[in-house]
Each structure stands twice: as structure tokens, then as C-alpha cells.
Amino acid sequence: MANSQHFGLSLSMLEEIIAEERVFVEFQSILSARNHSIIGFEGLIRGKTRHGGLIPPIFMFDAAREHGISLDLDRLCREKVLAAFRTIHRLQKNSLLFLNVETSFLSAEIVGSGYLLDQLTRHEIPPANIVIEIVESESVDTGALIRFANTYRECGLNIALDDVGTGHSNFDRISLLRPNIIKIDRSIINGMATNYFKQEIFKSLTNLSKSIGSLTLAEGVETKEETIRCIEYGADLLQGYFFSRPRDIRHPGGNGEEQKLEDILLAFRMKQIDIVKARRLHNKQYQKTVQGIIRRIQGKPMEEIDALLRDVVVQTDSIDALYIINDNGIQITDTIMKKSTPRRINPVFRAASKSENLSHKDYFYQLINTDLKRFTTGRYISFATGNLCVTLSHLFKGENNHFCILCTDFIVGARNS
């Protein structure tokens, strides 16, 4: 492979590294937003040259796969990590060890070998303190991987699915492996503070995790804003350079990670207060605007209402679109938008038009079948305009005293906000 060739790791060099055990261990803290504390550490391996230089792990493991000795390297690395963690475990009995396991070589024989359990017994580390991180691989034997996960779960170990959202990861693995922890990859978190689409992907993954009883770990948080967003969107656990870089933590002396977490959680609470205040203010403005529209159109014949709605859209910068549906869920006006609004060519992405049946929409049945008078959606990207919107739907009495619903789409920000 290109990586191993670039670093010059031949088979004989790798065998020499393994024979001489020229690897060392560093740990990176895993913090719990729920418990406000460090709950564990990921064990990370680094290689050494004969002259003491650093060999990045990706080169070692790529070369090991290329030369067919992944199992030997993996077992050595696990041995080193467990030996180093044993010192930590003696001082912190409840700490978890996140242990990376190479899965590309899995087979029925290896799954049933019991080698990892023997290692844990020798180092006096309870299985419940271990989180096996399964790194997804394109070439892995899926059947062996499932047996591997089930076998060690039954023995009391925890299963984490690593790098979710990138590389070879796929949602089939989540349903097949039923992980205790889902680690969301750095590629999704990077830039999430200003990217609406990444925010929605992250929220979808955290919602999925909660629904299936898994925890979500945000991997690779590097800035304050990224960390706050991860907590805001549902991350249970946090890991990354913002809190600490990998290091030898077997010796006394903290790195201030828990204080950083406390500061972040305080900043998060203050931000949430500001968000609630801003939403309340915006909702009051939306309601005032909608009530003003209803006063203008209430009691007017339908042939006049379209013209009145067009005037409102032109005169109000915050409105993206307007339309009205009747008490049967049928749209009785066109969807009225600003003339400058670009239309999508694909007919799937278009505004609803007059006579369409919208009775399946939540804003219809929530208002018609309950005592609610208005309903506000969450943020979404409009099919018709591509703008980030919320819709306020408001019940009112239309022509002949029949109930109608005025639906007003308000622009809430740019797509990358």
C-alpha cells in the first residue's frame, strides 16, 4: 500500500518492531457531558524506529495488513495498552478503556480463541471496564464481525462502532452489531458550528442512538464552539484536542479536562438561555405578523385573498411563502412566493399548488383535531426556495365561517447557519 511504502516499512522491519516490542502507549480522555467528568480513556499506540523516531500508527497497521501480519501486531498493541491501563485501573476502578481492535483479519477461529479474555484476566481488568472499538473495514467478514461483537458482549464487554459517518461505515453495521456506543467521526464535527447540513446529520445520529439505547461519542472536538454544538445536539460523550492530546497519564498530574468541561457546560447553559429568549422574541414577531395577515383577509372572498397575500409577501422581508388550506386539508390558494425566488427545475422540489391534499401534514391534523390555534415547525430547508425556514400555521375562520389554516413560511437564516 502507498502509506507503508512511503514510510519504508518492509515485512522484516515490521517483524523486528513486533519482536522487539518497539511500540508505546498514549491515552486520550473520554468525558461525559452527563456526569461532568472523565469516564475513560482511549488507548493509542505509537511505533518507534531503532533510533527512537516516531512511526505513525496508520503506517504500521497499513503495512501489517499489506504483509499479512495484522493479528500479530494487533495482539502486541493490545498487550501494551492493557498493561499500561492496569496502572490506571488500580487507581480509578470505574474508568473505561476504549480499546481499538483490528477487524480485517477476523475469522471463526480467531473469534472463538478467547485470547482477549485471557489478556484481561492476566491484567486483572474486568470485562465491564473495556469498550471494544470496532473500526469498520471494507474487506471484513461480516459474519465473523457479528459473532465477535456478540461473543464479547455476552462476556460483559462494551461494543463501540468507530468512525460512523465516514469511510466504510454504514447503517447496516449499527443494526447488526447493536453497539453500546456510536462514535461520530471528526469529518462530521469539523465545521458543524456553521454548517446546517452537518448539524442535521449529527442530530439524526444522536436521535438514532437514543432510540436504540446507545450512547453517542463526539470524536475529535477541537474548538469551544464545536464542543458546545455537540452537547447542544445530543452528544453524551466527548473526546478531542479541545480537552487534551494523547499522553502518558499513568503518572500523577491532571490536564484540567474536567474544569474545561465545566466551563463548556456553563457556556452551553448560557447559550441555551439566549436561544430560548431569541426564539420567544421571534415567535412573538411571527405571531404578530400572522395575526395582521388574518385581520386583512378574514371575511374576504377568495378572489380577493390571493391579491392580498401577494401584497403581504412583497411587503414583508421575513416571509418566504404563504398559502391557505381548508378544513378538509385541501390547499385553496396557490403557494405565493416572492417573484425573485428561484424555482427548482426538478418537479419533485416544488411548492404545493392549489387543490393539493395536505391533510397528512402535522400542521393540519394538529390544528383541526385539537384545541390548538397555531402550530410552529422546527427549522427545515424549503423544497420550493431552498431557504432555511420555519412555518407558523394559524387557524382562522374564513369565508362562510368555515375554518381555514393560514400557513406562513418565515426565513430564519442562511443555509449554512
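Helix α12 passes helix α13 in a right-handed crossing, where a crossing is right-handed if the near helix is turned clockwise from the far one by less than a right angle and left-handed if anticlockwise. The helices themselves, like the strands, are DSSP runs numbered from the N terminus (H or I and at least four residues for helices, E and at least two for strands). This is a predicted model, in which local features need pLDDT of at least 70 and side-chain atom pairs count only at pLDDT 80 or more, whereas totals for chains, interfaces and linings use all residues. Residues are numbered from 1 along each chain as its sequence is written, and side-chain values use heavy atoms, with hydrogens and water left out.

Two packed helices are described by the angle between their axes and the distance between the axes. For α12 (residues 257-297) and α13 (residues 302-315), the angle is about 150° and the axes lie 10 Å apart. Here the axes are lines fitted to C-alpha atoms, for helices over the stretch in contact, and angles between N-to-C directions run from 0 to 180 degrees. The two helices are therefore roughly antiparallel to each other, on a scale that counts angles under 35 degrees as roughly parallel, over 145 as roughly antiparallel, 65 to 115 as roughly perpendicular and the rest as oblique. From α12, the residues Ile293, Arg296 and Ile297 meet Ile305, Leu308, Leu309, Asp311, Val312 and Gln315 of α13, contact meaning heavy atoms within 4.5 Å. By class, this contact between α12 and α13 brings together six nonpolar residues, one polar and two charged. In this scheme Ala, Val, Leu, Ile, Met, Phe, Trp, Tyr, Cys and Pro count as nonpolar, Asp, Glu, Lys and Arg as charged, and the others, Gly among them, as polar.

Helix α12 also holds leucine 265 and glutamate 262. Leucine 265 is buried, at a relative accessible area of 5%, while glutamate 262 counts as partly exposed at 30% relative accessibility; buried means under 20% relative accessible area, exposed over 50% and partly exposed in between (1.4 Å probe, protein chains only). Beyond its neighbours within four places in sequence, leucine 265 is in contact with Ala33, His36 and Ile231. The C-alpha atoms of leucine 265 and arginine 34 are 9.9 Å apart in space, with the two positions 231 residues apart in sequence numbering. For glutamate 262 and alanine 33, which are 229 residues apart along the chain, the C-alpha separation is 8.9 Å.

A second helix pair is formed by α4 (residues 70-91) and α6 (residues 115-122), whose axes are 10 Å apart and pack at an angle of about 25°. That makes α4 roughly parallel to α6. The crossing of α4 past α6 is right-handed. On the α4 side, Arg75, Arg78, Glu79, Leu82 and Arg86 take part, meeting Tyr115, Leu116, Gln119, Leu120 and Arg122 of α6. The α4 contact with α6 has five charged residues, four nonpolar and one polar.

Turning to a third pair, the axes of α2 (residues 11-19) and α3 come within 10 Å and cross at roughly 115°. The crossing of α2 and α3 is left-handed. Leu11, Leu14 and Ile17 of α2 make this contact with Met60, Ala63, Ala64 and His67 of α3. Six of the residues in the contact of α2 with α3 are nonpolar and one is polar, with no charged residue. Within α3 (residues 57-67), the buried residues are Phe59, Met60, Phe61, Asp62, Ala63 and Ala64. Glycine 68 follows α3 and has a positive phi, near 75°.

Positive phi values also occur in residues other than glycine. Arginine 178 has a phi near 45° and sits in the loop between α8 (171-177) and β7 (181-184). Its relative accessibility of 49% makes arginine 178 partly exposed. Serine 355, with phi near 80°, is placed in the loop between β11 (336-337) and α14 (362-368). At 54% relative accessibility, serine 355 counts as exposed.

Across the whole protein there are 14 helices and 15 strands. Of its 417 residues, 47% count as buried. Among contacts between residues at least 6 apart in sequence, 64% join residues at least 24 apart. The protein exposes about 20300 Å², of which carbon and sulfur atoms supply 52%; accessible areas come from the Shrake-Rupley method with a 1.4 Å probe, and for residues only the protein chains shown count as cover.
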